[in-house]
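Please look over the chain displayed here before reading on. The report is meant to be read beside the sequence and the coordinates.

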Amino acid sequence: MALSVYAGTFLAPQTNQTQPFTNLGFAPSVLIFSGGGGLNGTASSAFGCIGFACVGKEASASWINIDNGASSDASRGASFSKAIVFGNNIEAASFEADLQSTDATGFTLNWTTTAAVTRGLSYLGIGGSDLTGYTVGTF
């Protein structure tokens, strides 16, 4: 099976739940997640995240900037136990997910923290027998 790659987009759920992704057509060995956008319709306020996962190892980083108001605020964070983490407010994670499993056609996320807002994310799944020597770690 050489190397397989699949990119997709999805919405984070608004309640804690598992979320299966079965359309990849292969078992991903590595997953990369990203998301971001503006807050409350304000072009000068923004949030973002990037996350990495392989079975048993996860890491993610997030940032937020609230501006265009009476005061400005900014924050960032990192997790070495979540595939996805990002906030809706300063210093508070609004969304967190773990890579629960991979299977022959995709993967499943387990959302442990959610919020009643819509947040879009993208993912890149990479797998195949040519993919070797990968891990998710810290530096």
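What follows is a report on a predicted model, arranged by topic.

## Overall make-up

The protein has 0 helices and 10 strands, and its elements, read from the N terminus, run β-β-β-β-β-β-β-β-β-β. Of the 139 residues in the protein, 42% are buried.

Among contacts in the protein with a separation of 6 or more, 57% are between residues that stand 24 or more positions apart. The area that the protein exposes comes to about 7200 Å², and carbon and sulfur atoms supply 52% of that area.

## Aromatic pairs

The count of aromatic pairs comes to 10. One of these pairs is formed by Tyr 6 and Tyr 123, which are stacked, with 6.2 Å from centre to centre and 25 degrees between the planes. Because Tyr 6 belongs to strand β1 (residues 4-11) and Tyr 123 to strand β10 (residues 120-127), the pair ties together parts of the chain that are 117 residues apart in sequence. The two partners differ in their cover: Tyr 6 has a relative accessible area of 26% and is partly exposed, whereas Tyr 123, with a relative accessible area of 4%, is buried.

Tyr 123 also pairs with Phe 107, and here the arrangement is edge-to-face, with 5.3 Å from centre to centre and 80 degrees between the planes. This second pair links distant parts of the chain as well, since Phe 107 lies in strand β9 (residues 106-113) and Tyr 123 in strand β10, 16 residues apart. Phe 107 counts as buried, at 1% relative accessibility. Ring pairs join these residues into a cluster that is made up of Tyr 6, Phe 10, Phe 21, Phe 33, Phe 107 and Tyr 123.

## The salt bridge

How many salt bridges does a search of the whole structure find? The search finds 1, and this salt bridge is formed by Asp 98 with Lys 82, whose closest N and O atoms are 3.1 Å apart. The pair links distant parts of the chain, with Asp 98 in strand β8 and Lys 82 in the loop between β6 (73-79) and β7 (84-89), 16 residues apart. Both Asp 98 and Lys 82 are buried.

## Asp 103 and its surroundings

Asp 103 is found in strand β8, which covers residues 92-103, and at 35% relative accessibility Asp 103 counts as partly exposed. A polar atom of the Asp 103 side chain lies 3.0 Å from the backbone nitrogen of Thr 105.

Which residues does Asp 103 touch, when those up to four places away in sequence are not counted? They are Phe 26, Ala 27 and Pro 28. Gly 25 belongs to the surroundings too, for its C-alpha atom is separated by 9.5 Å from that of Asp 103, although the two residues are 78 residues apart along the chain.

## Ser 62 in strand β5

Ser 62 lies in strand β5, residues 57-66. Is Ser 62 buried or exposed? Its relative accessibility is 13%, so Ser 62 counts as buried, the cut-off for this class being under 20% relative accessible area.

If neighbours within four places in sequence are left aside, Ser 62 is in contact with Gly 48, Cys 49, Ser 75, Arg 76, Gly 77, Val 85 and Phe 86.

## A nonpolar patch at the surface

Ile 50, Phe 52 and Trp 63 make a nonpolar surface patch of about 270 Å². Phe 52, one of these three residues, lies in strand β4 (residues 42-54), and with a relative accessible area of 35% Phe 52 is partly exposed.

## The loop between β9 and β10

Thr 118 is found in the loop between β9 and β10. Not counting residues up to four places away in sequence, Thr 118 touches Leu 11 and Gln 14. The C-alpha atoms of Thr 118 and Ala 12 are separated by 6.8 Å, while the two residues are 106 residues apart along the chain.

Notes. Residues numbered from 1 in each chain as written. Predicted model: local features only at pLDDT ≥ 70, side-chain atom pairs only at ≥ 80, totals over all residues. Heavy atoms only, no water. Patch = residues over 30% accessible without salt bridge, like charges linked within 9 Å, V, L, I, M, F, W, Y side chains within 5 Å. Areas by Shrake-Rupley, 256 points an atom, 1.4 Å probe, with all protein chains shown as cover. Salt bridge = Lys/Arg side-chain N within 4 Å of Asp/Glu carboxyl O. Helix = DSSP H or I, 4+ residues; strand = E, 2+ residues; numbered from the N terminus. Buried < 20%, exposed > 50% of the residue type's maximum accessible area, 1.4 Å probe, protein only. Contact = heavy atoms within 4.5 Å. Polar contact = N/O pair within 3.5 Å; in protein donor to acceptor, adjacent residues only side chain to side chain. Phe/Tyr/Trp six-rings, centres within 6.5 Å; stacked < 30°, edge-to-face > 60°.
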